[in-house]
Amino acid sequence: MDYPLWEFNGLSIQDVLAVLDIDILICKLQLRIQLLMEEEKARRERERQELQKTRIWVKEYLKRREELGMYSRLMEELKCEDEAGFQNFLRFPVVLFHELLEAITPRIQKQDTFFRRALPAGLKLAFTLRYLATGNTYQDIHYGFRCGANTISLAVPEVCQALLDEFAEEYMSCPIEEEQWLKIAEEFNRRWNLPHCCGALDGKHVAIKKPKNTGSVYFNYKGFFSIVLMALVDANYRFLYATCGDYGSISDGGIFDRTDLKAALRDNSINLPPPSPIVPGQRPVPYYIVADEAFPLQTWLMKPLPQRNMTREQRIFNYRLSRARRVVENAFGVLAARFRCLFTTMGQKTDTITTIVLTCCLLHNMLITKKIQAIGEEITVDQEVGEDHVRIPGSWRNEQTLQDMGTQRPRVRYGNKEAKELREYLVQYVNSPEGSVPWQDSRI
């Protein structure tokens, strides 16, 4: 760098050299900064080019969904060639599948855009039913239906919610009229020989992955994380009422205390019939539901007597009550055997899991109402054979089942005086000539 001579007048040679060194240093720094900026710019350009190479809107095999996917290929073949196979594949026959599809299409069908075509509503319903039936992972289902796993994870809760919105009132609404409860009680008495019974109540654990930042509130005494499905079932294994989502660490009695069903039973806002005599001329007997020992004894909730030091009459009463209460166990067993996603450890958000579980209950009711039997893998409930009504366990008991509720040391729940008097009357009734059945002595 050139400097005019006048700039160095009056300076020593050391001062002149110092000025020259600083200026050279500044030049070197400027050059280094410029080189670094050019290298950074080149690096960003290389990254941009690499990203453009790897960015793919749709993978090539997914583009062949309409030619090779299960919905457009396999299901169409099953419709034409093997309707029983179609039902075994989705748990629903062809006619009912199209009935569901027609009802929920306005709720789940999206509009096409300039970038891509919307998924058909039938495809969404098909892979949702397949997930419920098998419990396979979204990743596994996406290869068969050739639809992205992320898309499936968003569509499954959407379809389930649409099914609940469309059909819950028709197929899974709690009765609110006396006539409805009377029909249920008559069916319980006809099939299970327990008068004035309006349903069987119980709860089950549904295994989940631990939600973030929840500590141990979902950790149950059986050693896994869960939410609770609690349901009231009629004599034909239909769910009259179902609630899901409470912490697995809470007992079934504690969960029942928090339900709107208990409040409705307590103040009779669901209109159970008024008390009436079981035997003409005797005392009026309230209508009630049945449950196990973990629930509170009330005039509207009957449970078995304690197991210690029981008389013959008390054992007969426990048998008769438990015989009616088995319907809820069978309902849960058939539900899980039919919709095997309930056997898996579900990893979705708890709200999504709740929606999925309630949808399974709804579809279970729909299949029972329409009298559609399982095809392929036969699912049966407990049967009673012979004059002694010997119980043969249903096929659902031979495999994995939903875990029962309860605690390691059940809390003693004392009933009020009126409820105890009612239970004692029922003990006498089932042992009387009017209320006994011929085989009960051989079953205790």
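Reader: What percentage of the 444 residues of the protein count as buried?
Author: Keep in mind that this is a predicted model. Buried here means under 20% relative accessible area. Of the 444 residues, the share that falls in that class is 47%.

Reader: And how sure is the predictor: which element has the lowest mean pLDDT, and which the highest?
Author: Over the whole protein the pLDDT averages 85, and 84% of the residues score at least 70. Broken down by element, the low end, with a mean of 62, is strand β8 (residues 383-385). At the high end, with a mean of 95, sits helix α13 (residues 350-369).

Reader: How many helices and strands are there?
Author: Helix α13 and strand β8 have already come up. Counting up the secondary structure of the protein gives 14 helices and 10 strands.

Reader: Arginine 146 has a positive phi without being a glycine; is its side buried or exposed?
Author: Its phi is about 55°, and arginine 146 lies in the loop between α7 (138-145) and α8 (149-171). The cut-off for buried is under 20% relative accessible area. Arginine 146 comes in at 17%, so it counts as buried.

Reader: Where does asparagine 271 lie, and what is its relative accessible area?
Author: Asparagine 271 is another non-glycine residue with a positive phi, near 65°. Its place is the loop between α11 (260-267) and β4 (276-277). Partly exposed covers the range between under 20% and over 50%. Asparagine 271 is in that class, with a relative accessible area of 33%.

Technical notes. Residues numbered from 1 in each chain as written. Predicted model: local features only at pLDDT ≥ 70, side-chain atom pairs only at ≥ 80, totals over all residues. Heavy atoms only, no water. Helix = DSSP H or I, 4+ residues; strand = E, 2+ residues; numbered from the N terminus. Buried < 20%, exposed > 50% of the residue type's maximum accessible area, 1.4 Å probe, protein only. pLDDT = per-residue confidence, 0-100.
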